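Reader: I'd like to learn how to read a few features of a protein model, step by step. Could you walk me through them?

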Amino acid sequence: MAATRRGFVAGSVAIAAASGALAAPPKPLRILILGGTGFIGPHQVAYALARGHKLTLFNRGHEPDAWGGRVEELIGDRSTGDLKSLEGREWDVCIDNPTTLPFWVRDAGRVLAGKVKQYIFISTISVYADNKPGEDESAALLPYTGKDAMAETSAGASRELYGPLKAVSEAEAKRQFGEAVTIIRPGLIVGPGDETDRFTYWPVRLARGGDVLAPGDGKDWVQFIDARDLAEWTVRMAESRTFGVFNATGPARTLQMRPMLDAVRAGIGSDAKFVWVSDAFLDANKVSAWSDMPVWVPRNSDDAGFVQRRVDKALAAGLTFRPVASTASDTLVWFKTQPAERQAKLRAGLTPDREAELLAQWKAKT
């Protein structure tokens, strides 16, 4: 599965290079990526290689020689504090992708502080204390209220601690690396390689055709970012040595649920018909926003601001977005390369039987 994703990643970058979309960077950089084997990491690697940078990946060695010798691979385990392979080395920039736990940042700082010129920490938009619409990077962050953030482990940290621990990790990054820190707070990350199906549900469902249950009246805001746009911009932030804190979600202009789904339908060439179902009906039938209806957050909910974050700073720093139709099309192409058992059951969204049941109830009511 990973090899298939990397092939798709490399292919999309090659297309960008052929189209002239990859302007030459100022100079080749020595880039250390902590992780590099998950969702956004392979996109970062492919893009950075296409731009002539020298890459080193540090991880537990799940995918040895995944890039055919084009990157240096160092083995270690941050969960046990094994960073020996990083000692005595220097890089221009370190991109830290997988970190949720503050002690991972602390340990990285102990080895890399003074050895890298820039530390880019991939955080999350979930660090914010509330979700008021229109807030920017200056909004208050979630507090950590546990006993000892540095003692938290992957096994012990609950889902509710995800945002607070990311916020503590941001603070630790600044403590370890000072002013040489770039913090990127993505929203929902989507596109080829996404194993959560929190966007994938829609192109896959629309590809089946027929009547498709769509939530609300189509006027609720949505925000997300294609993993490739995030990965490529992150590399460009390293090239320009841009520091600070940035929300990273999109698109650049307001997008609502109806035009988003219209773009998905157009992107995959579907003739599916949307059946828009009221919030009240969905709530009465225990259909959850986000999980049962991916991407959707009702505008009258307490979480409405989660999909209405300001991204002015990121836009000014060069963040760009490919069309939603392209993300949908590429995501569907990728999904169809997955094993049959993976394709058989989506990890988000309604099952076909549940959707059919709800559509029948709605049509009988209306």
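Reader: Let's take aromatic pairs. How many does a search of the whole structure find?

Author: Happy to help! The general idea is that a pair of aromatic rings is described by the distance of the centres and the angle of the planes. This is a predicted model, and searching the whole of it gives 9 aromatic pairs. Take Tyr119 and Phe177: their ring centres are 4.2 Å apart and their planes meet at 5°, so this pair is stacked.

Reader: Which elements do Tyr119 and Phe177 lie in?

Author: Tyr119 belongs to strand β5 (residues 116–122) and Phe177 to helix α4 (residues 162–177), so the pair ties together parts 58 residues apart in sequence. Tyr119 and Phe177 are both buried. They also form one aromatic cluster with Phe121.

Reader: And the rings of Tyr201 and Trp202: what are the distance of their centres and the angle of their planes?

Author: There the centres are 4.9 Å apart, but the planes stand at 75°, so the pair is edge-to-face. An angle over 60 degrees is what earns that label.

Reader: Are Tyr201 and Trp202 buried or exposed?

Author: The cut-off for buried is under 20% relative accessible area. Tyr201 has 1% relative accessibility, so it counts as buried. Trp202 is buried too, with a relative accessible area of 0%.

Reader: Now strands. Why is strand β1 largely enclosed by the rest of the structure?

Author: A useful idea to start with: in a regular strand the side chains alternate between the two faces of the sheet. In β1 (residues 30–34), 4 of the 5 residues are buried, so the rest of the structure largely encloses this strand.

Reader: Which strands does β1 pair with?

Author: One is β2 (residues 54–59), which pairs with β1 in the parallel sense over 5 bridges; there Ile33 has Leu57 as its bridge partner. Between β1 and β2 the chain passes through helix α2 (residues 41–50), and this β-α-β crossover is right-handed. Another is β4 (residues 91–96), parallel to β1 and joined to it by 4 bridges, with Leu32 opposite Cys94.

Reader: Last topic: how many cavities of 30 Å³ or more are there?

Author: The search finds 1, with a volume of about 50 Å³. It is lined by 10 residues, and those closest to its centre are Gly36, Thr37, Glu63, Ala66 and Trp67. By type, the lining divides into 4 nonpolar, 3 polar and 3 charged residues.

Methods
Residues are numbered from 1 along each chain as its sequence is written. This is a predicted model: local features need pLDDT of at least 70, side-chain atom pairs count only at pLDDT 80 or more; totals for chains, interfaces and linings use all residues. Side-chain values use heavy atoms; hydrogens and water are left out. Buried means under 20% relative accessible area, exposed over 50%, partly exposed in between (1.4 Å probe, protein chains only). Helices (H or I, at least four residues) and strands (E, at least two) are DSSP runs, numbered from the N terminus. Two strands pair if DSSP finds at least two bridges between them. A crossover is right-handed if, with the strands pointing away from the viewer, the path from the first strand over the helix to the second runs clockwise. On a 1 Å grid over the protein atoms alone, a cavity is a set of points where a 1.4 Å probe fits but cannot get out, and a pocket is an open set with protein on both sides within 12 Å along at least five of seven lines; lining residues have an atom within 4 Å of a point. Grid points are joined across faces, edges and corners, and a volume is the space filled by probe spheres set on the points. Ala, Val, Leu, Ile, Met, Phe, Trp, Tyr, Cys and Pro count as nonpolar, Asp, Glu, Lys and Arg as charged, and the others, Gly among them, as polar. Rings of Phe, Tyr and Trp (its six-membered ring) pair if their centres lie within 6.5 Å; planes under 30 degrees apart count as stacked, over 60 as edge-to-face and the rest as tilted.
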